[in-house]
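Work through the exercises below with the sequence and the model open side by side. Each task is followed by a worked solution.

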Amino acid sequence: MSKDYKFFNLENCQLCGKCLSECPELALPLEQAKKEKAKINQGEISPWLSHLCTGCFNCDFYCPNNAQPCETIVYHWWQEYKEKGLRERAAILCLLRSSIFAPM
Ligand code: SF4
Ligand code: SF4
């Protein structure tokens, strides 16, 4: 794994895919959810999370193994922010962003 997560319990993750299949926004078919979660656990940026995830953090409650997968999503967003900067819609909403977001 490329990142030592603080709250995500990698050892608890059985790659069952429930977090991404029960997610109200992604609702991936189970087999696809398993594959996507495996990639996310390796630190890969997931286009599914980029385009559809709203950050509701409910996936922590869907996980039957208390792995707390939300941190992988927050980390993913941080990675994307570092690489591509603030998303356009966020930039519009965060008028004071220069004082909120430190320069990268
Ligand atoms: S935080 Fe994102 S991935 Fe998790 S349940 Fe909410 S929308 Fe789905
Ligand atoms: S984080 Fe939890 S719900 Fe998601 S794949 Fe791993 S064990 Fe399953």
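**Exercise 1. The two sides of α2**

Which residues are exposed on the other side of α2, away from its buried residues?

Solution. This is a predicted model.
- Step 1: take the length of the helix. α2 has 12 residues, and its first and last C-alpha atoms lie 16 Å apart, close to the 16 Å expected at 1.5 Å a residue.
- Step 2: list the buried residues of α2, which are A33, E36, K37 and I40.
- Step 3: look down the axis. The buried residues cover an arc of only 100°, so they sit on the same side of α2.
- Step 4: turn to the other side of α2, where E31 and K39 are exposed.
- Step 5: find the packing partners. The buried residues of α2 pack against α1, α3 and α5.
- Step 6: go past the end of the helix. G43 follows α2 and has a positive phi, near 90°.

**Exercise 2. The same analysis for α5**

Determine which residues of α5 are buried and what covers them.

Solution.
- Step 1: check the span. Helix α5 (residues 70-84) has 15 residues and should span 21 Å at 1.5 Å a residue; its end C-alpha atoms are 21 Å apart, which agrees.
- Step 2: pick out the buried residues of α5, namely C70, T72 and I73.
- Step 3: because the buried residues of α5 fall within an arc of 155° seen down the axis, they line one face of the helix.
- Step 4: inspect the face turned away from the buried side, which carries the exposed residues W78 and K82.
- Step 5: identify the cover. The buried residues of α5 are covered by elements that include α2 (30-41), α3 and α4.
- Step 6: note that G85, which follows α5, has a positive phi, near 80°.

**Exercise 3. The ligand shells**

State which residues surround ligand 1, and which come nearest to ligand 2.

Solution.
- Step 1: read off the shell of ligand 1. It consists of C23, E25, L26, C53, T54, G55, C56, F57, N58, C59, C70 and I73.
- Step 2: sort the shell around ligand 1 by class, which gives 8 nonpolar, 3 polar and 1 charged.
- Step 3: link back to Exercise 2. C70 and I73 of this shell are among the buried residues of α5.
- Step 4: turn to ligand 2. Of the 13 residues around ligand 2, C13, C16, C19, C63 and P69 come nearest.
- Step 5: sort the shell around ligand 2, which has 8 nonpolar, 3 polar and 2 charged residues.

**Exercise 4. Two partly exposed residues**

Where is N58, and why does it count as partly exposed? Treat L10 likewise.

Solution.
- Step 1: place N58 in the loop between α3 (47-52) and α4 (59-62).
- Step 2: count neighbours. N58 has 15 other C-beta atoms within 10 Å and is therefore partly exposed, since buried requires 20 or more and exposed 12 or fewer.
- Step 3: compare sequence and space. N58 and Q68 are 10 residues apart in sequence, and their C-alpha atoms are 9.7 Å apart.
- Step 4: place L10 in the segment before α1. L10 is partly exposed, with 13 other C-beta atoms within 10 Å.
- Step 5: relate L10 to α5. L10 and T72 are 62 residues apart along the chain, with 9.8 Å between their C-alpha atoms.

**Exercise 5. The whole chain**

How many helices and strands are there, and which helix has the lowest mean pLDDT?

Solution.
- Step 1: count the elements, which come to 7 helices and 0 strands.
- Step 2: compare confidence. Helix α7 (residues 97-100) has the lowest mean pLDDT (56), and helix α1 (residues 18-21) the highest (96).
- Step 3: take the protein average, a pLDDT of 84, with 83% of the residues scoring at least 70.

How values were computed:
Residues numbered from 1 in each chain as written. Chains lettered and ligands numbered in written order. Predicted model: local features only at pLDDT ≥ 70, side-chain atom pairs only at ≥ 80, totals over all residues. Near = placed C-beta within 6 Å. Nonpolar A, V, L, I, M, F, W, Y, C, P; charged D, E, K, R; others polar. Helix = DSSP H or I, 4+ residues; strand = E, 2+ residues; numbered from the N terminus. pLDDT = per-residue confidence, 0-100. Expected span 1.5 Å × (residues − 1). Arc of directions from axis to C-beta. Contact = placed C-beta atoms within 7 Å.
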